[in-house]
Amino acid sequence: MRRLRRKLKNSARMSYIAETESPSRGGVLHRYGDRIPDVGPNTPLISLGEGDTPLVRSRRLHDQVGCRELYFKLEMCNPTGSFKDRGMVVAVAKALESESKALLCASTGNTSASAAAYAARCGLDAYVLVPHGNIARGKLAQAVAHGARILDVRGNFDDALRLARLISEQHPVALVNSVNPDRLEGQKTAAFEIVDTLGDAPDLLFIPVGNAGNITAYWRGFVEYYRAEIATKKPRMMGWQAEGAAPIVIGKPVDNPQSVASAIRIGNPASWRLAEAARDESGGEINAVSDDEIIEAYRLLAREEGIFCEPASAACVAGLLKYARNPGTGHSSLSTQIIVCVITGHGLKDPETALGIDSEVREVEPNIEAVVEAMGLTT
Ligand code: F0G
C-alpha cells in the first residue's frame, strides 16, 4: 500500500517535472500559462525558474513611512537578477513556437541580460543593442557570458530601440522588447503573485518607470484578478521616473536623458500612453525623484533592510519616502494603507555605483594587532 502510494506520488511528480523545466519553482508559463491568452498547447513550457519571487516585509523603513504594512517584491531574485525574466520567458516561448531562430532587443542592460540567457538556453541567437557607455558592467557581463552578439550603439536607449524596431520589420528576428505584447503578458504575473500572497491587492503599488512596460503590465494583472474576483480592490499605481529622464512627468520626450539610475535613463518610453492609462484608471501618479533621492533610498534599503538593489529599483522607494512626507490631499492617511514597492533589479548588476558611494575598505597588515586595531576593537 505504502509502496503504491509512493509510486503514485512519484508519477505525479514525474509528470510535474515533465510539464515544467523548473520543478522547484514551477516557472511563469507553468504557473500562470492559463491566464496568458497566447499560451496554447503548442507553446513550449520553458523555464529558468523565473517568478515566485519573495515578498518581504519592511522592518525599518515602514516606521519612516508610517503606513499599515510595507512590503518589497524582490524581483531581483529572478534568474538573471531582474523582473525581465517573467516577460522574456513568454516572448522566447512564443518565438520558439513560431520557429524563430534569433532574438533582438534594445536595452539599458536588464532586457539584454535576460534575452541572452533565455536565448542561450533555447539554442537561439541573441542580438542586443545597448546605448554606448550607458550600461552597468554586471549587465554587460551577463550578455557577454551568455554569448549574445552585442552592438554598442553610439546613441541613447531611444535610438537603439528605434533601430531594433526597424530591423525586426525587415529581418527574421523576434523583437523581445516590451513592445512585444508577450513580454507584458508575462510581467503581469508579478501582480498575480502579490495578490496570491497577500490574499488581496495592496492599496498602493510603488514602481520605477523607464520604458513604461512594467507599470502597464502590473496594472493589467491587478485588473484581471479584480475582474476574476480574486482581488476585491485594485491598487493606486505610483510610478517614479528619474528627474533627468522624466518625459511622462514633464509631458514631452527628453532628448538627452540623464540619471544615476542607468536602467531608466529613457527619454521616450514605448508604453507612454499605456502607463498614463494605468495611472489615470487607478487614480495614481507618475512623478520624479532626483539622483540624490535615489541614492539615499538605495543606501537605506541596503543598510536598513538588507536589500541590495540597483539604483533604478531604489527610485520607487525614494518615491515612497517623498510621498510619505507629503501625501497630498484627498487621499486616505498612509496609516491605513498596505503598500508594495517593486524591487526590479539586483545591486550586483551595478557594482560601480555601490563602490562609488562611500566604500569603507581599509588595507591592513596581515597581523592580528593591525587587524584588531583597524576593527576598532582596542581599548
Ligand atoms: N527597473 C529596472 C532594474 C529596469 O531594468 C527597468 C527597465 C525598469 C526598472 C523600468 O521598467 O522599462 O518597464 O518601465 N529596463 C529596460 C531594459 C529598459 O532595457 O533593461 P520599464
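**Reading a predicted chain: loops, aromatic pairs and overall form**

Me: Between which two elements does the loop that holds Ala 212 lie?

Reply: Ala 212 belongs to the loop between β7 and α10 (213-227). The coordinates come from a predicted model, and every value below is computed from that model.

Me: What is the sign of phi at Ala 212, and is the residue buried or exposed?

Reply: Phi of Ala 212 is positive, near 75°, in a residue other than glycine. With a relative accessible area of 3%, Ala 212 is buried, because buried means under 20% relative accessible area.

Me: Which loop contains Asp 52, and how should its phi and its accessibility be read?

Reply: Asp 52 is placed in the loop between α2 (28-32) and β1 (55-57). Its phi is positive, about 55°, although Asp 52 is not a glycine. The relative accessibility of Asp 52 is 37%, so the residue counts as partly exposed; that class covers values between 20% and 50%.

Me: Which residue follows α16, and what is its phi?

Reply: Gly 376 follows α16, and its phi is positive, near 80°.

Me: How many of the eight residues of helix α16 are buried?

Reply: The number is zero for the eight residues of α16 (residues 368-375), so this helix lies largely in the open.

Me: How is a pair of aromatic rings described?

Reply: Two quantities describe such a pair: the distance of the centres and the angle of the planes. In this case, a search of the whole structure finds six aromatic pairs. Phe 206 and Trp 240 form a stacked pair, with 6.3 Å centre to centre and 10° between the planes. The pair counts as stacked because its planes are under 30 degrees apart.

Me: Why can the pair of Phe 206 and Trp 240 be said to tie together parts of the chain?

Reply: Phe 206 lies in strand β7 (residues 204-208) and Trp 240 in strand β8 (residues 236-242), so the pair joins parts that are 34 residues apart in sequence. Phe 206 counts as buried at 0% relative accessibility, and Trp 240 counts as buried at 3%.

Me: What does Phe 206 touch beyond the residues up to four places away in sequence?

Reply: Its contacts include Met 238, Trp 240, Cys 316, Leu 320, Tyr 323 and Val 340. Phe 206 and Ile 343 are 137 residues apart in sequence, while their C-alpha atoms are 9.3 Å apart in space.

Me: Which residues form one aromatic cluster?

Reply: Tyr 32, Phe 192 and Tyr 225 form one such cluster.

Me: How does the radius of gyration of the protein chain agree with that of a compact globule?

Reply: A compact globule with 379 residues would have a radius of gyration near 21 Å; the protein chain has 22 Å, which agrees. Its C-alpha trace spans about 65 × 60 × 60 Å along the principal axes. The chain holds 16 helices and 10 strands, and 54% of its 379 residues are buried.

Me: What do the contacts, the surface and the charges add?

Reply: Among contacts between residues at least 6 apart in sequence, 72% join residues at least 24 apart. The accessible surface of the protein chain is about 17500 Å², and carbon and sulfur atoms account for 49% of it. The protein chain has 43 positive and 46 negative charges, whose mean positions are 7 Å apart.

Definitions and conventions:
Residues numbered from 1 in each chain as written. Predicted model: local features only at pLDDT ≥ 70, side-chain atom pairs only at ≥ 80, totals over all residues. Heavy atoms only, no water. Helix = DSSP H or I, 4+ residues; strand = E, 2+ residues; numbered from the N terminus. Rg over C-alpha atoms; globule rule 2.2 N^0.38 Å. Buried < 20%, exposed > 50% of the residue type's maximum accessible area, 1.4 Å probe, protein only. Contact = heavy atoms within 4.5 Å. Areas by Shrake-Rupley, 256 points an atom, 1.4 Å probe, with all protein chains shown as cover. Lys, Arg positive; Asp, Glu negative; His and termini not counted. Charge placed at Lys NZ, Arg CZ, Asp CG, Glu CD. Phe/Tyr/Trp six-rings, centres within 6.5 Å; stacked < 30°, edge-to-face > 60°.
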